[in-house]
Amino acid sequence: RDRDKTADFFAALRQNDSIVLKGYRYLLFDERHVDSLTYYISQHSFDEDKKHIQSFLIKQLGALQHDEVIPFLTDFYAKSYNNSSAQINILQSVASKKTEASASLLLQLMSQDLPLVSNTAEIKNIFKPYKDSLELARRLYPELLEYSSITEYKAPIFSLLAQLKKEDLIKSSNYKKYRSQILNDAKILLKRHLGEQNNKELKTRQANYTRLRNNKILNDYVVLLYPYAGEREMAQFFNRLLLVKDPEIRSTYVTLLASDGKSIPSAVINSMAYDINSRLLLYTKLMRQGKSELFPHQYGSEQFLAEALIYKDRRFDRNKDKVIYLGDRSISYKNNPHTAYYFKTQNSQDYNKNFKLHIVVFADNTPFDSDPYYINEGLRMADTDTEEEAMDFVTETFLLKDRKRAIAYRPNQYRGYASFGF
């Protein structure tokens, strides 16, 4: 059995030995170490280059199920006014407990003092445990909204609220007094979005990240503001929303209209169904609201949804991408009937100009799900491959997918880069 190395770690920490920077992440702490953890977290003076070790120790202590943990973290939070990083780690540890008591404590600590850090991802991580515990998350509102005007907290607070609204777990009356604040923010984001939408020069990675983040926030605002769409001051915002081309935002708005029984211009629905980038989003959202009959029948077939699935995680650009439907086959897998759809794709910016062969498989007699039974990443076709041979190969790869040692046979296979999909 391996020797407990935590004593060596604490000794090196006392001596300010740089060795602690190397292996601390591999240490395993349990209830035997509670006294040592609380002592070093609160009493040891961490140099600037070792502050992250204090954060690590707080998280390790917070993960332990021990009666002394919560009282210590509560006390240390109050004493850490000038240490926002420690306070953030404490809030994350408290939230991770995912209990009614910890949710109440989270609100209590935030009301005492609100930590601010430049890394907004750390603030976002405070609320992450509630994303899959929405029944518990609803207990944070409306109190949590008191901090929604603070820039660093605004997005995660409204994001969680929008998720609750989408699942009908919270009433719009719970945030009614904040609707003017949300609307003002939404108008600014919408104006910025429309400006960027028409600016073809925004190509940097940072610009794209900022745009995607703002689009996500704007989408949340659409969900939150829609219950008040009939109010006069909301009219201009919602009228201009259809100028947005972003598939996520457009599909959210159209689905809200459909769920509310409002009429939607057929040109809007048809253009979104035709567009590969919005087709799957719109169909899935309408289906989940029991409104799939509004989706154009032509584009609601498995063939067209399979085509959209190929581009689920990347944007289809008509100026660069080409997708060609090759046909479908009925195949049996584990004695159950399935239908496979085949496509070949090409991107003009790829170094290798050969097509990629895609297979998307659905189980027969099963309601459509946005996740297919099987989809490959795309097989780069070699110069010697015929379409039929490539289709045979990806089909066999699917049929053998659960047999670890089995390898699909590929005629005329060249063991160069092309055979590995590059």
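In this predicted model, Phe-9, Phe-10, Tyr-24, Phe-29, Tyr-39, Tyr-40 and Phe-56 are joined into a cluster by ring pairs. Across the whole structure, a search finds 22 aromatic pairs. One of these is formed by Tyr-175 and Tyr-228, whose ring centres are 6.2 Å apart and whose planes stand at 80 degrees, an edge-to-face arrangement. Tyr-175 lies in the loop between α10 (151-166) and α11 (179-197), and Tyr-228 lies in the loop between α12 and α13 (235-241), so the pair ties together parts that are 53 residues apart in sequence. Both tyrosines, Tyr-175 and Tyr-228, are buried. A pair of aromatic rings is described by the distance of the centres and the angle of the planes.

The chain as a whole provides the setting for these contacts. Its secondary structure comprises 18 helices and 5 strands. Taken along the principal axes, the C-alpha atoms fill a box of roughly 70 × 65 × 45 Å. Of the 422 residues in the chain, 48% are buried.

Helix α12 (residues 205-225) contains Arg-211. The relative accessible area of Arg-211 is 30%, and because partly exposed covers the range between under 20% and over 50%, this residue is placed in that class. From Arg-211 to Leu-189 the C-alpha separation is 9.8 Å, while the two residues are 22 positions apart in sequence.

The charged side chains can be considered next, beginning with those that are paired. Side chains of opposite charge can pair when their charged atoms come close. In this model the count comes to 18 salt bridges. Asp-49 and Lys-50 supply one of them, with their side chains meeting at 3.6 Å, N to O. What is the accessibility class of each partner, buried or partly exposed? Asp-49 has 43% relative accessibility and counts as partly exposed, whereas Lys-50, with a relative accessible area of 6%, is buried. The value for Lys-50 falls in the buried class because that class is defined as under 20% relative accessible area.

A further salt bridge joins Asp-371 to Lys-312, and here the closest N and O atoms are 2.9 Å apart. Asp-371 sits in the loop between β3 (356-363) and β4 (374-375), and Lys-312 in the loop between α17 (302-310) and β1 (321-333), so this contact ties together parts that are 59 residues apart in sequence. Each partner is partly exposed: Asp-371 has a relative accessible area of 48%, and Lys-312 has one of 42%.

The side chains of Arg-380 and Asp-350 also meet in a salt bridge, at 3.4 Å, N to O. This pair links distant parts of the chain, with Arg-380 in strand β5 (residues 379-380) and Asp-350 in the loop between β2 (336-347) and β3, 30 residues apart. Arg-380 counts as buried at 5% relative accessibility, while Asp-350 is partly exposed, its relative accessible area being 25%.

Salt bridges also connect into a network, which links Arg-329, Glu-388 and Asp-392. Within this network, Asp-392 has its place in helix α18 (residues 387-399). At 40% relative accessibility, Asp-392 counts as partly exposed. The C-alpha atoms of Asp-392 and Leu-357 are separated by 11 Å, although the residues are 35 positions apart along the chain.

Other charged residues are grouped in surface patches. Lys-124, Lys-128, Lys-131 and Lys-166 form a positive patch. Its member Lys-124 is found in helix α8 (residues 120-127), and this lysine counts as exposed at 56% relative accessibility. The exposed label follows because the class begins over 50%.

A negative surface patch is formed by Glu-31, Asp-35, Asp-67 and Glu-68. Where in the chain does Asp-67 lie? Asp-67 is found in the loop between α4 (51-62) and α5 (69-79). With a relative accessible area of 73%, Asp-67 is exposed.

Conventions. Residues numbered from 1 in each chain as written. Heavy atoms only, no water. Patch = residues over 30% accessible without salt bridge, like charges linked within 9 Å, V, L, I, M, F, W, Y side chains within 5 Å. Areas by Shrake-Rupley, 256 points an atom, 1.4 Å probe, with all protein chains shown as cover. Salt bridge = Lys/Arg side-chain N within 4 Å of Asp/Glu carboxyl O. Lys, Arg positive; Asp, Glu negative; His and termini not counted. Charge placed at Lys NZ, Arg CZ, Asp CG, Glu CD. Helix = DSSP H or I, 4+ residues; strand = E, 2+ residues; numbered from the N terminus. Buried < 20%, exposed > 50% of the residue type's maximum accessible area, 1.4 Å probe, protein only. Phe/Tyr/Trp six-rings, centres within 6.5 Å; stacked < 30°, edge-to-face > 60°.
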